[in-house]
Amino acid sequence: MANKWRMLNSNKNPESLSVFSGLNIDLETYCKEIDGKLANISWVKSVSESFGCRPCYLMFGGVSILVLIVSMGYAGALICNLVGFIYPAYMSFKALETPGKLDDKQWLTYWVVYAIFNILEVFIDIILFWMPFYYLFKLCFLFWLFLPQTTGAVMLYNNIFRPLLIRFEKKIDITIENVLDVSNSARLVAQRYSKKLLEGSEKIE
């Protein structure tokens with residue numbers, strides 16, 4: 001039996017072994033890279049030292065807990081809104097403070113796509129809300145939109161939303177102008193009416 005086991009081990013495909021070993025090396029390299037970046041964050045470093053684990057394990061644990069909470073449906077909408085707003089808002093602030101224009105365009109593109117997505121979600125949320133793991137898919141979608149490794153927002157904007165917006169740009173501009181004119185007229189009427197009310201109250205006094 002032992003000889004048979006040795007023969008099976010010796011007959012293993014060396015290419016498959018190299019694939020697994022290469023995967024292990026890539027994972028370790030990725031973990032070291034994450035450790036190096038997280039080590040610069042003081043509170044992450046102190047928490048990882050308190051638990052006696054590597055910072056990357058702390059991050060993986062936090063992400064796993066977050067995914068579990070969202071999958072179970074607890075505070076899914078709140079977490080998705082926080083993810084969709086906080087990190088992109090901070091990165092937009094950093095983009096505005098840098099002289100380059102490339103990151104400005106990236107985050108402006110994200111906000112355009114995110115706004116359109118929120119408008120569409122108002123109409124389809126009633127249906128999608130009942131879909132299993134809806135908020136988990138939404139969370140993954142948001143990460144796909146703004147992460148620099150994926151830049152999903154740029155992809156959606158260039159291939160779908162930009163052609164549509166260019167096609168209907170003139171009609172949208174005319175509609176916006178009409179709405180602004182109506183709102184301005186309503187504001188003037190309200191000002192005149194409030195002025196007459198004030199004058200009438202002064203006469204009564």
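The following exchange discusses confidence and helix packing in a predicted model.

User: How do you know which parts of this model carry low confidence?

Analyst: The structure is predicted, and the protein averages a pLDDT of 78, with 83% of the residues scoring at least 70. Among the elements, helix α1 (residues 2–10) has the lowest mean pLDDT, 45, whereas helix α8 (residues 152–167) has the highest, 92. Over residues 4–10 the pLDDT stays under 50, and the model has zero contacts for them beyond four places in sequence. Residues 14–23 also have a pLDDT below 50, with one contact in the model beyond near neighbours in sequence.

User: What makes α5 roughly antiparallel to α6?

Analyst: Helix α5 (residues 76–96) and helix α6 (residues 102–128) pack at an angle of about 155°, their axes being 9 Å apart. Angles over 145 degrees count as roughly antiparallel, and therefore α5 is described in that way relative to α6. The crossing in which α5 passes α6 is left-handed.

User: Which residues form that contact between α5 and α6, and how do they divide by class?

Analyst: On the α5 side the contact includes Phe85, Tyr87, Pro88 and Met91, and on the α6 side it includes Asp103, Asp104, Trp107 and Tyr114. By class, the contact of α5 with α6 has eleven nonpolar, three polar and two charged residues.

User: Why is α4 called oblique to α7?

Analyst: The axes of helix α4 (residues 55–71) and helix α7 (residues 134–146) come within 7 Å and cross at roughly 135°. That angle lies outside the ranges for roughly parallel (under 35 degrees), roughly perpendicular (65 to 115) and roughly antiparallel (over 145), and the rest count as oblique, so α4 is oblique to α7. Here Leu66, Val67, Val70 and Ser71 in α4 meet Tyr135, Leu136 and Leu139 in α7, a contact made up of six nonpolar residues, one polar and no charged.

User: What makes α6 roughly antiparallel to α7?

Analyst: α6 and α7 pack at an angle of about 165°, with their axes 11 Å apart. Since roughly antiparallel applies to angles over 145 degrees, the conclusion is that α6 runs roughly antiparallel to α7. Their crossing is right-handed. Among the residues that meet are Trp107, Tyr110, Phe117 and Glu121 in α6, and Tyr134, Lys138, Phe141 and Phe146 in α7; by class, the contact of α6 with α7 has eleven nonpolar, one polar and three charged residues.

User: Where does the UniProt record place the feature "transmembrane region"?

Analyst: The UniProt entry, which is unreviewed, places this feature at residues 57–87, 108–135 and 141–161. In the model, residues 141–161 are 76% helix and 0% strand, and the end C-alpha atoms of that span lie 17 Å apart.

How values were computed: Residues are numbered from 1 along each chain as its sequence is written. This is a predicted model: local features need pLDDT of at least 70, side-chain atom pairs count only at pLDDT 80 or more; totals for chains, interfaces and linings use all residues. Side-chain values use heavy atoms; hydrogens and water are left out. Axes are lines fitted to C-alpha atoms, for helices over the stretch in contact, and angles run from 0 to 180 degrees between N-to-C directions. Helices (H or I, at least four residues) and strands (E, at least two) are DSSP runs, numbered from the N terminus. A crossing is left-handed if the near helix is turned anticlockwise from the far one by less than a right angle, and right-handed if clockwise. Contact means heavy atoms within 4.5 Å. Ala, Val, Leu, Ile, Met, Phe, Trp, Tyr, Cys and Pro count as nonpolar, Asp, Glu, Lys and Arg as charged, and the others, Gly among them, as polar. UniProt positions are given in the numbering used here, feature names are shortened, and annotations may be inferred rather than shown by experiment. pLDDT is the predictor's confidence in each residue, from 0 to 100.
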